Amino acid sequence: MRRVSYMAALTLVLAFPLMALGQQQQQSQLVARTTDEVTSARLDELRAAGFEALYNLDYEGARRRFKEIVRLFPQHPAGPQFLAATLWTQTLNESRRLQSSLYSSESFYNKTEDAVDPRTVEQFRELTREAVLLARARLKANPRDTEALYFLGATEGLKAAFGAAVQRSFMSALRDGSSSVDRHREVLKLDPGYRDAELTIGLYDYVAGTLPLPIKLLASIGGVRGSKKRGLLTLERVAKEGRFARDDARSLLIVLYKREKRYADALAISRELGAKYPRNYLYRLETADALMSLSGIERQAGNATAAASAEREALATYETLLQDRTVREVAARSLDLIHFRYGDALFMAGRFDEAAKEFLAAASVNGGEPTLATLSRLRAAQSLDLVGKRNEALIHYRSVLQRPDVEHAHEEAKRGLREPYKIRNEKSTSE
């Protein structure tokens, strides 16, 4: 198991949900002050269609609806904020960071080889800048405008998510996240029933509660305090009682439950969302990952039958994904991620020869993500070593050294060239 650092956890928590901090809003209040019911219904319709598309990874479909919101409601922050959320989500997916189990070591988040396109960063900044200006204009006219205050906080939260998950600017992300929480606490003071505003608060509470003790002490001096338990309870409340943020909260809980080793709870949610959004292969990947984790727990407990059942279902999920025509239409370039996670599962199951084939398939996907290709070649080499195919393993170790370094891949490849890979007993750390 890979060691999960605090910064990695922060990024994963912020990165996974498809539109957390962007979708939720009290829609009936959104335009009631300035438009008639027909216009309000039109905005409701566009918002619902846009986020349905976004959850199903249809970025162009989502953008089309959100641009229509900008056209029809040019003075409202919803349009630019939703467009920024779409850009963020697509960027994460293309870099494979929407899949919570893939990258989890601190080395990944510190590296710089996969810098984001400056045009993407500038476009995101422009959209969030516009949303902030529009929200502040409404607040200037009415300081008690809860909708404007909510969107101001939501935009700051989105900036925090982008900074941590895409740019890996963690201190800046913490500042924006703190500001977002402050705004949404103000919203709750004005409207205690505004349940969706609690999503940011619960998320920040959990993240602050996971800080290592030395950092937690320093952070407390600056007023940063949190509680994992309280954060989880808050997010669970939003998942049950939220108006538009329920699926955002559920998506977050998949990641957090896994960090808390509550794999059965994570599995239940990923299955629900996978059924609700069938074009979103990421939820099915999360389902398979949770099943493999449950299989390991059952095996350690001596429940061989339950372990084998969970493992079979997990592996069958990967096979189904690779054969799914819809997945190929929606995410042809993301087949590298599916092959990689399948290889990981086969590796965990001790089927190393099959794992090597999946890792090599991941590395060969046309248009695949470069850093994932590096990891795939490394894992293929290690798998080949474990089945005694040393000469083939050496070829792939050497190929890793010709590619950009990621997650200490060069160090591992050099070790593999010196001696055959052996499975080491490494204690997983999740705090």
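Which residue lies over the face of Phe 347? The views below are taken from a predicted model.

**View 1. Arg 379 and the ring of Phe 347.** Arg 379 lies over the face of Phe 347. Its distance from the ring centre is 4.8 Å.

**View 2. Phe 51 and Phe 66, a tilted aromatic pair.** The count of aromatic pairs in the model comes to 11. In one of them, the ring centres of Phe 51 and Phe 66 are 4.9 Å apart. Their planes meet at 50°, and because an angle from 30 to 60 degrees is neither stacked nor edge-to-face, the pair is called tilted. The pair links distant parts of the chain, with Phe 51 in helix α3 (residues 37-55) and Phe 66 in helix α4 (residues 59-72), 15 residues apart. Phe 51 and Phe 66 are both buried. They also belong to one aromatic cluster with Phe 82, Tyr 150, Phe 151 and Tyr 194.

**View 3. Helix α13, residues 246-259.** At 1.5 Å a residue, the 14 residues of this helix should span 20 Å, and the end C-alpha atoms are indeed 20 Å apart. Of these 14 residues, 12 are buried, so helix α13 is largely enclosed by the rest of the structure. Among the buried residues are Asp 247, Leu 252, Ile 254, Tyr 257 and Arg 259. Just after the helix, Lys 261 has a positive phi of about 60°.

**View 4. Val 121 in helix α7.** Val 121 is part of helix α7, which covers residues 118-141. Its relative accessibility is 10%, so Val 121 counts as buried; the cut-off is under 20%. Val 121 and Leu 87 are 34 residues apart in sequence, and their C-alpha atoms are 9.5 Å apart in space.

Technical notes
Residues numbered from 1 in each chain as written. Predicted model: local features only at pLDDT ≥ 70, side-chain atom pairs only at ≥ 80, totals over all residues. Heavy atoms only, no water. Helix = DSSP H or I, 4+ residues; strand = E, 2+ residues; numbered from the N terminus. Buried < 20%, exposed > 50% of the residue type's maximum accessible area, 1.4 Å probe, protein only. Expected span 1.5 Å × (residues − 1). Phe/Tyr/Trp six-rings, centres within 6.5 Å; stacked < 30°, edge-to-face > 60°. Lys NZ or Arg CZ within 6 Å of the ring centre and 35° of its normal.
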